[in-house]
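Visitor: I am new to this structure and should like to understand the terms used to describe it. Would you show it to me first?

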Amino acid sequence: MSDIKEITVPSPGESISEVYIATVFAKPGDFLSEGQAILEVDSDKATLEVPSPISGKVLEILVGEGDEVPVGSIIARVELGDAPASSATVEPTSETSQEP
């Protein structure tokens, strides 16, 4: 059983009803920590990073850079869970330093 959380665009201010997707930081398959930025949105009044409310694996990103989306729109789906231990400990530099 997996627990999937839909991430929505928060309101950057009272009178703002739409935002532009400025930068997408996450992609499907990425593991996010709670509070880690998924993307960044721009409005007339502010630029805001949208954090993940949970730790988990990104299943899909539903928007792209440059898209204009209404506040409250679903922008991503994240499956609750921690990153596998193997991917959390992989360090490519340690493998190259052990070569003879």
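Guide: The conversation below takes up the strands, the core and two loop residues in turn. This is a predicted model, in which local features need pLDDT of at least 70 and side-chain atom pairs count only at pLDDT 80 or more, while totals for chains, interfaces and linings use all residues. Residues are numbered from 1 along each chain as its sequence is written, and side-chain values use heavy atoms, with hydrogens and water left out.

Visitor: How do you know how many helices and strands the protein chain has?

Guide: Helices (H or I, at least four residues) and strands (E, at least two) are DSSP runs, numbered from the N terminus. The protein chain has 2 helices and 8 strands, and along the sequence they follow the pattern β-β-β-β-β-β-β-β-α-α.

Visitor: What makes β2 and β4 a pair?

Guide: Two strands pair if DSSP finds at least two bridges between them. β2 and β4 are joined by 4 bridges in the antiparallel sense, so they satisfy that condition. Within this region, Y20 stands opposite D42 in β4.

Visitor: Which open sheet contains β2 and β4, and which strands stand at its edges?

Guide: The sheet has 4 strands in the order β5-β4-β2-β7, with antiparallel pairing. β5 and β7 (68–70) are at the edges because each has a single partner strand, which leaves one side of each without a neighbour in the sheet. From one strand to the next, the twist averages 40°; the angle is taken between axes, which are lines fitted to C-alpha atoms, on a scale from 0 to 180 degrees between N-to-C directions.

Visitor: What is the strand order of the open sheet that contains β6 and β8?

Guide: That open sheet of 4 strands has the order β1-β8-β6-β3, again with antiparallel pairing. Its edge strands are β1 (4–8) and β3, each pairing on one side only. β6 and β8 run antiparallel and are joined by 5 bridges; the bridge partner of G56 in β8 is L80.

Visitor: Why is S52 called buried?

Guide: Buried means under 20% relative accessible area, exposed over 50%, and partly exposed in between (1.4 Å probe, protein chains only). S52 has a relative accessible area of 2%, and is therefore buried. S52 lies in the loop between β5 (47–51) and β6 (56–61). Buried residues make up 25% of the 100 residues in the protein chain.

Visitor: What makes the approach of S52 to I54 a polar contact?

Guide: A polar contact is a pair of N or O atoms within 3.5 Å; within protein, one must be able to donate a hydrogen and the other to accept it, and residues adjacent in sequence count only if both atoms are side-chain atoms. A polar atom of the S52 side chain lies 2.5 Å from the backbone oxygen of I54, so the distance is within the limit.

Visitor: Where does D30 lie, and which backbone atom does its side chain reach?

Guide: D30 lies in the loop between β2 (18–24) and β3 (31–32). Its side chain reaches the backbone nitrogen of K27 at 2.9 Å. Contact means heavy atoms within 4.5 Å, and, leaving aside neighbours within four places in sequence, D30 is in contact with F25, G56, K57 and V58.

Visitor: What is meant by a nonpolar core, and how many residues has the largest one?

Guide: A nonpolar core is a set of buried Ala, Val, Leu, Ile, Met, Phe, Trp, Tyr and Cys residues joined through side-chain atoms within 4.5 Å. The largest has 19 residues, and those with the most contacts inside it are I7, I38, L39, I61, V63 and I75. β2, β4 (37–42), β6 and β8 (74–80) each supply at least two residues of this core.
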